[in-house]
Amino acid sequence: MDIIDATIPARAGIGFKLAHADALLADPTAVGFVEVHAENYMGEGGPPHRALAAVREKLPVSLHGVGLSIGGEGPLDAAHLARLAALAARYDTGLVSEHLAWSTHEGAYFNDLLPVPYTEAALARVVAHIDQVQEALGRPMLLENPSSYAAFEASTMDEVTFIRRIVAATGCGLILDVNNVVVSAVNLGTPAEAYLDAFPLEAVGEIHLAGHAEEVDAAGAPLLIDAHDREVGPSVWALYRALIARMGRPVPTLIEWDNAVPSFPVLAAEAAKADRTMAAALADASDARADVD
């Protein structure tokens, strides 16, 4: 396979869907990179691998795991981790990432990303698991901040402190999911801007953007669901622009649209909007610096 550089460029990409393979191969410059869920490619062959191999000849690939259960109480599944490392090597992926969540317990597998209490015991467990992953990969991984719907009474530190201590202990990088920040802020009644104020932005290697559903809870309060089934919402775009201006550097940015998946042109248009927003935010930052000087 004659493939291009694995480095993920600092522009917008999309989640790769098999149905979009032909359209993507016909116009690979429409996006900067593609991201795939690792667990969808852990078989040895078949149409998914043939399509991804063809795409990989045109574009860099970011590998995003959803089943490693890094926050789980038990040990990591060694076979699953070996498959993840082999997949990263097979496609020479530019980034490898996972979620701050758990999804397995005592042999049971749950089809969800479940929350982790922010305690010293959980911190030690997550740090040990990330060390194990990075040793298997032979390079740093990225860890994604979660979307929250409730807070644990058992937590002894806030989420950003927990993440900061993980980065300090492991040297891992981070995915900053801006939609998750907005969803958690509304659901927990905390300011999104304060979250970004404390977040270790220097460790961010990728940003995720996605759409969310707007609901109300049993008490009639606003409730956002991290749905990944629609366009990125206005509040997420606004926070993304402010974030890029604050960081002052371009960052690889993924449009996540995993349910009710639209046509390729719709996804590509969302990626183009992310590229334009990133450029506008960097211009804002440049103008602000010029005003200060």
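This is a dialogue about how terms are applied to a predicted model.

Student: What makes the eight strands a barrel, and in which order do they close?

Tutor: The eight strands close in the order 1-2-3-4-7-8-9-12. The pairing is parallel. From one strand to the next, the twist averages 30°.

Student: How do you know that strand 4 and strand 7 are paired?

Tutor: Count the bridges. Pairing takes at least two bridges. Strand 4 and strand 7 (residues 142–144) have three, so they count as paired. The two strands run parallel. One partnership here is H99 with E144 in strand 7.

Student: Where does H99 lie, and why is H99 called buried?

Tutor: H99 lies in strand 4, residues 95–99. Its relative accessibility is 9%. Buried means under 20%, so H99 qualifies.

Student: What makes the approach of H99 to H64 a polar contact?

Tutor: The side chains of H99 and H64 meet at 3.1 Å. The cut-off is within 3.5 Å for a pair of N or O atoms, one able to donate a hydrogen and the other to accept it. The pair is therefore listed as a polar contact.

Student: Which residues does H99 touch, leaving out those up to four places away in sequence?

Tutor: H99 touches H64, G65, V66, I70, L113, L143 and E144. Two of these names have come up already: H64 is the polar partner, and E144 is the bridge partner.

Student: Why is S62 called buried?

Tutor: S62, in strand 3, has 0% relative accessibility. The limit is under 20%, so S62 counts as buried.

Student: What does the side chain of S62 make a polar contact with?

Tutor: With the side chain of E35, at 2.9 Å. The limit for a polar contact is 3.5 Å. Beyond four places in sequence, S62 touches I8, F33, V34, E35, V36, L95 and E206.

Student: How do you know that strand 12 is covered on both faces?

Tutor: Look at each side of strand 12, residues 253–256. T253 and I255 are buried on one side. L254 and E256 are buried on the other.

Student: Which strands pair with strand 12?

Tutor: Strand 1 (residues 12–15) pairs with strand 12 over three bridges, in the parallel sense. There A12 stands opposite T253. Strand 9 (residues 204–210) also pairs with strand 12 in the parallel sense, over four bridges. There H208 stands opposite L254.

Student: What makes strand 10 and strand 11 a hairpin?

Tutor: Strand 10 (residues 213–216) and strand 11 (residues 222–225) run antiparallel, joined by four bridges. At least two are needed for pairing. E214 has L224 as its bridge partner in strand 11. Five residues sit between the two strands. In the turn, G220 has a positive phi of about 85°.

Student: Which residues other than glycine have a positive phi?

Tutor: Two examples are S69, at about 60°, and A260, near 50°. S69 is in the loop between strand 3 (61–64) and helix 3 (78–90). A260 is in the loop between strand 12 and helix 9 (264–292).

Student: Are S69 and A260 buried or exposed, and why?

Tutor: S69 has 6% relative accessibility. That is under 20%, so S69 is buried. A260 has a relative accessible area of 61%. Exposed means over 50%, so A260 is exposed.

Student: Why is helix 6 called oblique to helix 8?

Tutor: The axes of helix 6 (residues 178–188) and helix 8 (residues 234–247) cross at roughly 120° and come within 9 Å. Roughly perpendicular covers 65 to 115 degrees, and roughly antiparallel starts over 145. The angle fits neither range, so the helices are oblique. The crossing is right-handed.

Student: Which residues make the contact between helix 6 and helix 8?

Tutor: Helix 6 supplies V178, N179, V181 and V182. Helix 8 supplies S235, V236, L239, Y240 and L243.

Student: Why does P146 count as buried?

Tutor: P146 lies in the loop between strand 7 and helix 5 (159–170). Its relative accessibility is 15%. The limit is 20%, and P146 falls under it, so P146 is buried. Among the residues P146 touches are L100, Y118 and N180.

Definitions and conventions: Residues numbered from 1 in each chain as written. Predicted model: local features only at pLDDT ≥ 70, side-chain atom pairs only at ≥ 80, totals over all residues. Heavy atoms only, no water. Buried < 20%, exposed > 50% of the residue type's maximum accessible area, 1.4 Å probe, protein only. Contact = heavy atoms within 4.5 Å. Axes fitted to C-alpha atoms, helices over the stretch in contact; angles between N-to-C directions. Parallel < 35°, antiparallel > 145°, perpendicular 65-115°, else oblique. Left-handed = near helix turned anticlockwise from the far one by under 90°.
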